[in-house]
Amino acid sequence: MKVYFASDHAGFELKNVLASYVRERGHEVIDCGAYTYDETDDYPGFIRKAAQMVSRSSGEVRAVILGKTGEGEAMAANRLPNVRAAVYYGGNTKIVSLSRSHNDANVLSLGAGFMDASEAKEAVTLWLATKFSGEARHMRRIRDIEQS
């Protein structure tokens with residue numbers, strides 16, 4: 001599977017850890033930035049680049065985006081067609097699997113300021129492994145979202 005990664009300064013270190021981790025598990029990883037740590041950078045450009053790649057793709061393409069909370073990053077990503085970004089910033093991982101099985105989330109937005117690398121790796125592993133259920137009610141809801 002092809003997995004795009006993007007973050008600003010707040011998620012920069014964790015993005016690099018996770019990108020290496022995902023690559024070691026056999027996925028193709030594409031880094032959309034930030035490429036260097038700059039505490040004054042802004043996330044929209046980096047996030048937009050990863051989200052555009054997901055928006056334009058079909059099939060098994062996903063993105064993991066990071067920021068301090070993951071909230072603004074998800075908002076930026078969700079502005080693009082066919083992008084369904086879910087936010088996770090720690091705690092119960094059931095939300096991670098449900099984002100995939102019920103909502104077919106293709107972008108996972110992580111709140112790097114609220115989790116350590118171990119927790120983030122667990123969430124990303126679960127998210128990449130979870131399949132969309134394909135149930136009619138979930139497909140209908142996704143169509144409704146896309147038509148909004």
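## Order of the elements

From the N terminus on, the elements run β-α-β-α-β-α-β-α-β-α-α, and that adds up to 6 helices and 5 strands. Helices here are DSSP runs of H or I with at least four residues, strands are runs of E with at least two, and both are numbered from the N terminus. This is a predicted model, in which local features need pLDDT of at least 70 and side-chain atom pairs count only at pLDDT 80 or more, while totals for chains, interfaces and linings use all residues. Residues are numbered from 1 along each chain as its sequence is written, and side-chain values use heavy atoms, with hydrogens and water left out.

Now for the overall build. The radius of gyration is 14 Å, close to the 15 Å that the globule rule gives for 148 residues, so the protein is as compact as a globular protein of that length. (That radius is taken over C-alpha atoms, and the rule is 2.2 Å times the number of residues to the power 0.38.) The C-alpha trace spans about 45 × 30 × 25 Å along its principal axes. Of the 148 residues, 45% count as buried, where buried means under 20% relative accessible area, exposed means over 50%, and partly exposed is in between (1.4 Å probe, protein chains only). Among contacts (heavy atoms within 4.5 Å) between residues at least 6 apart in sequence, 69% join residues at least 24 apart.

## Two cores

A nonpolar core is a set of buried Ala, Val, Leu, Ile, Met, Phe, Trp, Tyr and Cys residues joined through side-chain atoms within 4.5 Å. The largest one has 23 residues, and those with the most contacts inside it are Phe5, Leu18, Val22, Val64, Leu110 and Val124. Strand 1 (2-7), helix 1 (12-24), strand 3 (61-67), strand 4 (85-88), strand 5 (107-111) and helix 5 (117-129) are the elements that give two or more residues to this core. There's also a second, separate core of 20 residues, which includes Phe12, Ala51, Ile65 and Ala74.

Take Val22 as a close-up. Leaving out residues up to four places away in sequence, Val22 touches Val3, Phe5, His27, Val29, Val124 and Leu128.

## Helices 2 and 5

Helix 2 (residues 43-56) has 14 residues that should span 20 Å at 1.5 Å a residue, and its end C-alpha atoms are indeed 20 Å apart. (The expected span is 1.5 Å times one less than the number of residues.) The buried residues of helix 2 are Phe46, Ile47, Ala50, Ala51, Val54 and Ser55. They cover an arc of only 170° around the axis, which puts them on the same side of helix 2; the arc is that of the directions from the helix axis to the C-beta atoms. Their packing partners are strand 1, strand 3, helix 3 (71-77) and strand 5.

Helix 5 has 13 residues and reaches 18 Å from its first C-alpha to its last, close to the 18 Å expected. Its buried residues are Ala120, Ala123, Val124, Trp127 and Leu128. These cover an arc of only 125° around the axis, so they sit on the same side of helix 5, while Ser118 and Ala129 are exposed on the other side. The buried residues pack against strand 1, helix 1, strand 3, strand 4, helix 4 (94-101) and strand 5.

## Arg62 and Asn106

Arg62 is found in strand 3 and, at 2% relative accessibility, counts as buried. The C-alpha atoms of Arg62 and Val3 are separated by 4.9 Å, although these residues are 59 apart along the chain. The side chain of Arg62 also reaches the backbone oxygen of Leu128 at 3.3 Å. That's a polar contact: a pair of N or O atoms within 3.5 Å, where within protein one must be able to donate a hydrogen and the other to accept it, and residues adjacent in sequence count only if both atoms are side-chain atoms.

Among the residues that Arg62 touches is Asn106, which lies in the loop between helix 4 and strand 5. Asn106 counts as buried too, at 9% relative accessibility. Its side chain has a polar atom 2.8 Å from the backbone oxygen of Asn82 and a polar atom 2.8 Å from the backbone nitrogen of Arg84.

## Backbone oddities

Asn82 is in the loop between helix 3 and strand 4, and its phi is near 70°, a positive value in a residue other than glycine. Asp104, in the loop between helix 4 and strand 5, has a positive phi as well, near 50°. The peptide bond from Gly33 to Ala34 is cis, with omega near -10°, and Ala34 is found in the loop between strand 2 (28-31) and helix 2.
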